[in-house]
Amino acid sequence: MATNIGTEPQDIPLNQFLGQMAFMDDVPKKPSFQAIKDNNNHNFTANTRTIIPGWVENHDDGGMFNATTGIIQITVPGLYWFYCTVMQERNDSGDFQLSIFKNGTLHVNTNDLSDSGTTTFQQTHVSTIIKCEKGDVIDFRVYNSSATSSYIYRNSYTHCGGYQIH
């Protein structure tokens, strides 16, 4: 039983008996990351979902994000929120999709439908909450049904992130 300042049940325990978790600045960080696209555009392969590689991390607490491959490896089980926002330079028609995959299976998807190719830049966003186990793999993929000259724009116009909710 902790030693209290005072003798009543509502009295405050002495810090020496609370341990490390009593101090807010020592609370362990939950896994999280945020990254922007590197200085290279990402080109589409027509009618194929491709993982968006080539990121620059702003932070990666827990080491779960591989900025080179764009793959997230879950290190701590729990409930996570993930998002990806991309700017597409649209140079041809076809429907554009942005997806979040879990363990190689489509989890959520967005679709802007077909366009004549006259839209120059287009911003698209996808986000979701996913229950993850240690070792699960999450990734962000793009798709265009017919495009080979459209691409995902670089730098801060395209960004992604995620964090453990609990």
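## Strand β9, the nonpolar core and the salt bridges

D139 is buried, with a relative accessibility of 3%. The model described here is predicted. In it, the side chain of D139 forms a salt bridge with R141, and the closest N and O atoms of the two are 2.6 Å apart. R141 also counts as buried, at 16% relative accessibility.

**Salt bridges**

The structure contains three salt bridges. The table lists them with their N to O distances.

| Acidic residue | Basic residue | N to O distance |
|---|---|---|
| D139 | R141 | 2.6 Å |
| D38 | K37 | 2.9 Å |
| D136 | K102 | 3.7 Å |

In the pair of D38 and K37, D38 has a relative accessible area of 18% and is buried. K37 is buried as well, at 3% relative accessibility. In the pair of D136 and K102, the salt bridge has its closest N and O atoms 3.7 Å apart. D136 sits in the loop between β12 and β13 while K102 belongs to strand β10, so this pair ties together parts that are 34 residues apart in sequence. D136 is buried at 11% relative accessibility, whereas K102 is partly exposed at 22%.

**The largest nonpolar core**

The largest nonpolar core has 25 residues, and the members that touch the most others are I72, F82, C84 and F140. At least two residues of this core come from each of β3 (32-37), β9 (78-89), β10 (96-102), β12 (121-132) and β13 (137-144). Strand β9 supplies the largest share, four residues. As a general tendency, nonpolar side chains in soluble globular proteins are buried together.

**Strand β9 and its partners**

Which part of the structure is largely enclosed by the rest? Strand β9 is, because ten of its twelve residues are buried. Three pairings of β9 can be described in turn.

With β12, strand β9 runs antiparallel and is joined by twelve bridges. In this pairing Q88 stands opposite Q122 of β12. With β15, the pairing of β9 is again in the antiparallel sense, over six bridges. Here F82 stands opposite G162 in β15; F82 is also one of the core residues that touch the most other members. With strand β14, which covers residues 151-152, β9 is joined by two bridges in an antiparallel arrangement. Q88 stands opposite I152 in β14.

Y151 is in β14 too. Its relative accessibility is 18%, so Y151 counts as buried. The C-alpha atoms of Y151 and Q88 are 5.7 Å apart in space, although the two residues are separated by 63 residues in sequence.

**Cysteines**

The structure has zero disulfides. The cysteine sulfur closest to that of C160 belongs to C84, and the two sulfurs do not bond because 5.5 Å is too far. C160 is buried, with 0% relative accessible area. C132 is buried at 1% relative accessibility.

**A nonpolar patch on the surface**

Y163 lies in strand β15, which spans residues 159-164. Is Y163 buried or partly exposed? At 41% relative accessibility, Y163 counts as partly exposed. Together with I129 and I165, Y163 forms a nonpolar patch on the surface, and the accessible area of the three residues together is about 260 Å².

Key. Residues are numbered from 1 along each chain as its sequence is written. This is a predicted model: local features need pLDDT of at least 70, side-chain atom pairs count only at pLDDT 80 or more; totals for chains, interfaces and linings use all residues. Side-chain values use heavy atoms; hydrogens and water are left out. Patches are made of residues with over 30% relative accessible area and no salt bridge: like charges are joined within 9 Å, nonpolar side chains (Val, Leu, Ile, Met, Phe, Trp, Tyr) within 5 Å. Accessible areas come from the Shrake-Rupley method with a 1.4 Å probe; for residues, only the protein chains shown count as cover. A salt bridge is a side-chain nitrogen of Lys or Arg within 4 Å of a carboxyl oxygen of Asp or Glu. Buried means under 20% relative accessible area, exposed over 50%, partly exposed in between (1.4 Å probe, protein chains only). A nonpolar core is a set of buried Ala, Val, Leu, Ile, Met, Phe, Trp, Tyr and Cys residues joined through side-chain atoms within 4.5 Å. Two strands pair if DSSP finds at least two bridges between them. A disulfide is a pair of cysteine sulfur atoms within 2.5 Å.
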